[in-house]
Amino acid sequence: MPEDGQKLTFPTSGGFLSRSRTIAPPTWSRWLVPPAALSVHLAIGQAYAWSVFKPPLESALHLSGTQSALPFQLGIVMLGLSAAFGGPLVERNGPRWAMFISMVCFSAGFLISALGVATRQYWLVVLGYGFVGGIGLGIGYISPVSTLMKWFPDRPGMATGIAIMGFGGGALIASPWSTQMLGSFGTATGGIAEAFLVHGVVYAVFMSLGVLLVRVPRDGWRPQGWDPARSTARALVTTANVSARNAIRTPQFWCLWIVLCFNVTAGIGILEKAAPMITNFFANTAAPVSVSAAAGFVALLSLANMSGRIVWSSTSDLIGRKNMYRVYLGVGALLYLVIALAGNAHSFVFILCAMGILSFYGGGFATAPAYLKDLFGTYQVGAIHGRLLTAWSTAGVLGPLIVNAIADSQKAAGKTGPALYTTSLYIMIALLAIGFLANELIRPVNAKFHEPQAMGVGGQDIVATTQGGS
């Protein structure tokens, strides 16, 4: 295995999963790659629908709410860790290998979980869905990122936005599908085990489409009519490349880590407690929110999360990544302030502001890979992105902890309505302000961190050839 900072070389022959077997022929259309990425991200996006299984598991296996959340929590932790440590492997072995590993781990997680429920061994559910499936989440999440940006150097924000939109929208498919399955099979241990089994098999078939379809561009390929000089005119867009090892030594990486962490913290704090939050906010008003209306609110937030990933990341191709994050963080802080000041006076104001915050939450995820590409080049951007996702793991603990702990303490003090969340809202504003400042501190990477060799859009030496597929 080559050291970070050295040029990666790939074999000219190998098995079906090797990078050399995924090099696109001259007639290959790059627009076939986003569907390959979507087939993986729509599948692993099921993680956001884990709550569908919580009540049946609690009833069938006599679990507490905290215990039933363990598979999801471990899954998110493993997502960040496997993305961080598996990033260099993904870069070295290519997207087909990564998607295959993701498919095997994610599907196996469901199959192990099915065995755990059938035998009433809950630790197997935690091991299967949380640990094994979590590895599939992390490897699958980063598997198409580097490849998409090499196929779309002219529109990296749009390309990664399409794929990462799938992760945000996966729950919109999985939630009703899983609910219907539990309704058909039943919510006893046998029914839950059957549902897990079907999930594992169907997701394996669906993700295999991405494994078969994904391709990497040939050395020196670039889109027809694309001028790299025009694309790097913005101050933060580099023509150089930085290795994953050197990237984490730069202040730019850690500033962006803070930006992503606090933007995600602000979004996930609402997302994780959406239904009880809107119910509590308007409980003592003339128009309290019903359970069905709260469920509709959660669906609206999912749509905002999904649409923000493609809309805002595509916008970043036009206005630049730094300006886009100024919107995420600055406008996001203002939306939180509006919620805090408006209280329970107008439910539509609360809903619109929450949707805006969640669209920025999704957009922040989708724009991050393109921001990394602008700063560090495409050489090992997948590995760098994997390490950046540790910010997600941190925020996944931090956001719910802030909102839930403060709400519980305020409830114990006898407070109700918006007062349960006012302190949390102001904390989120402060975190977004810190993130805004960190974004302002991002400057072009010092040349001492650059790789000595000039590398093209594929992460290898530029060869003056072009092919179709634009």
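These are my notes on how helix H16 packs against two other helices, H12 and H17, in a predicted model.

**Entry 1: H12 and H16**

I started with H12, which covers residues 251-271, and H16, which covers residues 347-376. Their axes lie 9 Å apart, and the packing angle is about 160°. An angle over 145 degrees counts as roughly antiparallel, so H12 is roughly antiparallel to H16. I also looked up the handedness, and H12 and H16 cross in a left-handed way.

Next I asked myself which residues in H12 meet H16. On the H12 side I found Gln 252, Phe 253, Leu 256, Leu 260 and Asn 263, followed by Val 264, Ala 266, Gly 267, Ile 268, Ile 270 and Leu 271. Their partners in H16 include Ala 354, Ile 357, Phe 360, Tyr 361, Gly 364 and Phe 376. Sorted by class, the residues of this H12 and H16 contact come out as 18 nonpolar, 4 polar and no charged.

**Entry 2: H16 and H17**

Then I moved on to H17, residues 381-388. The H16 and H17 axes come within 10 Å of each other, with a crossing of roughly 125°. That angle makes H16 oblique to H17. The crossing of this pair is right-handed.

Which residues make this contact? H16 brings Ala 368, Pro 369, Leu 372, Lys 373 and Phe 376, while H17 brings Val 381, Ile 384, His 385 and Leu 388. I noted the classes here too: 7 nonpolar, 1 polar and 1 charged in the contact of H16 with H17.

**Entry 3: a residue on both lists**

Going back over my lists, I saw that Leu 372 of H16 is in the contact with H12 and also in the contact with H17.

How values were computed. Residues numbered from 1 in each chain as written. Predicted model: local features only at pLDDT ≥ 70, side-chain atom pairs only at ≥ 80, totals over all residues. Heavy atoms only, no water. Axes fitted to C-alpha atoms, helices over the stretch in contact; angles between N-to-C directions. Helix = DSSP H or I, 4+ residues; strand = E, 2+ residues; numbered from the N terminus. Parallel < 35°, antiparallel > 145°, perpendicular 65-115°, else oblique. Left-handed = near helix turned anticlockwise from the far one by under 90°. Contact = heavy atoms within 4.5 Å. Nonpolar A, V, L, I, M, F, W, Y, C, P; charged D, E, K, R; others polar.
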